[in-house]
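Visitor: I've got a few minutes and a fresh structure to look at. Could you walk me through it?

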Amino acid sequence: MEFVKAFLVGGAICAVVQVVMDNTKLMPGRIMVLLVVIGSILGALGIYQPFSDWAGAGATVPLLGFGNSLWKGVLKSMGEDGFLGVFKGGFTASAVGISGALIFGYLGSIIFKPKMKS
Amino acid sequence: MEVNKKAYEAYVKEVTPVNKKLPNIIKAFLVGGIICTIGQICTTLIMNQGVEKDTASAWTTLILIAASVILTGLNIYPKITKFGGAGALVPITGFANSVVAPAVEFKAEGQVFGIGCKIFTIAGPVILYGILSSWILGVIAYVLKAFGIV
């Protein structure tokens, strides 16, 4: 059941973004920025976490989930460190994703050769 | 001739978007759905080892990023993107792809100005606006809490 939910919810989010892309011609970079920002806003409004608990990877794998985890980090750090936590939580929560992407990305750029565009 | 031209234009307008958009949406749904299902399989398998949900999600993120980097390097992920559109862009694998792809492409320009700069082409804006928006929301929440509103 959790796999079906992940498939349907993840697929639905991507389908909605496809509709937006086809109708606005927004570039991929802008789409990614928008998704992360919308994710953190939905997180702050208290909408994304319950949705994410229900949908599992269907909600955490899309970049909306990345935005939500940024907000979760800010909220958690704020509880521990007060106002300083607002500056701390975002990077703490996204550390694995950002470090992973940069480190594997760097290693990838060393290992792989650029391909000719067909 | 004039009538024919107008009729043809109307025909093109009528046929092109409709024929292109629906398959695009279905393909995005399938590819996005499959990537999220793979993510769920990873999360479930890791949680079965007695790992907490948030930790399992972090491991899943790491696995998906590594897989995406390898598939990008082997020139497979660009094909998935070409087919799946938003389905390949929206998941965290699309973010990983956007980090490694320019780094590989511009490696000839050197460690600093090639890989170092280009690795942040998409990651830079995503990290900046992600951190900024969550900070703004955090400040709002902090102020609301201080005044006892929330």
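Guide: Let's settle one term up front: a residue is buried under 20% relative accessible area, exposed over 50% and partly exposed in between, with a 1.4 Å probe and protein chains only. This is a predicted model, where local features need pLDDT of at least 70 and side-chain atom pairs count only at pLDDT 80 or more, while totals for chains, interfaces and linings use all residues. Residues are numbered from 1 along each chain as its sequence is written, chains are lettered from A and ligands numbered from 1 in the order in which they are written, and side-chain values use heavy atoms, leaving out hydrogens and water.

Visitor: What share of chain A is made up of buried residues?

Guide: Start with the make-up of chain A: six helices and zero strands, counting DSSP runs of H or I with at least four residues as helices and of E with at least two as strands, numbered from the N terminus. Its elements run α-α-α-α-α-α from the N terminus on, and the C-alpha trace spans about 55 × 35 × 30 Å along its principal axes. Of the 118 residues in chain A, the buried share is 47%.

Visitor: How many salt bridges does the structure hold over all chains?

Guide: Opposite charges on side chains can pair when the charged atoms come close. The cut-off here is a side-chain nitrogen of Lys or Arg within 4 Å of a carboxyl oxygen of Asp or Glu. Over all chains, the number of salt bridges comes to four.

Visitor: Which residue meets A:Asp53 in a salt bridge?

Guide: A:Asp53 sits in helix α3 of chain A and its partner in helix α2 of chain B, so the pair joins two chains. A:Asp53 is partly exposed at 48% relative accessibility, and the partner B:Lys53 is partly exposed too, at 32%. With N to O at 3.9 Å, the residue that A:Asp53 meets is B:Lys53.

Visitor: And how far apart are the closest N and O atoms of A:Lys72 and B:Asp54?

Guide: That pair also crosses between chains, running from helix α5 of chain A, where A:Lys72 lies, to helix α2 of chain B, where B:Asp54 lies. A:Lys72 counts as partly exposed because its relative accessibility is 32%, and B:Asp54 is partly exposed at 49%. The closest N and O atoms of this salt bridge are apart by 3.7 Å.

Visitor: Are A:Lys76 and A:Glu80 buried or exposed?

Guide: These two form a salt bridge of their own, with the closest N and O atoms 3.8 Å apart. Both lie in helix α5 of chain A, four residues from each other, or about one turn of the helix. As for accessibility, A:Lys76 and A:Glu80 are both exposed.

Visitor: Which element gives the most to the lining of the second largest pocket?

Guide: A pocket, on a 1 Å grid over the protein atoms alone, is an open set of points with protein on both sides within 12 Å along at least five of seven lines, and lining residues have an atom within 4 Å of a point; in a cavity, a 1.4 Å probe fits but cannot get out. The second largest pocket has a volume of about 700 Å³, taken as the space filled by probe spheres set on points joined across faces, edges and corners. Its lining has 27 residues, with A:Ser69, A:Lys72, A:Ala93, B:Asp54 and B:Ala58 nearest the centre, and α3 (48-55), α5 (63-81) and α6 of chain A plus α2 (53-73) of chain B each give two or more. Nine of the lining residues come from the top contributor, α5(A).

Visitor: Which element gives the most to the lining of the largest cavity?

Guide: The whole structure has one cavity of 30 Å³ or more, and the largest cavity holds about 40 Å³. Both chains line it: A:Thr60 and A:Val61 on one side of the list, B:Ser57, B:Thr60, B:Thr61, B:Leu64 and B:Ile92 on the other. Four of the lining residues come from α2(B).

Visitor: Where is A:Lys25 found?

Guide: A:Lys25 has phi near 60°, a positive value in a residue other than glycine. It counts as exposed because its relative accessibility is 65%. Its place is the loop between α1 (2-24) and α2 (28-44) of chain A.

Visitor: What is the phi of B:Asn75?

Guide: B:Asn75 lies in the loop between α2 and α3 (77-84) of chain B. With a relative accessible area of 24%, B:Asn75 is partly exposed. Although not a glycine, B:Asn75 has a positive phi of about 65°.
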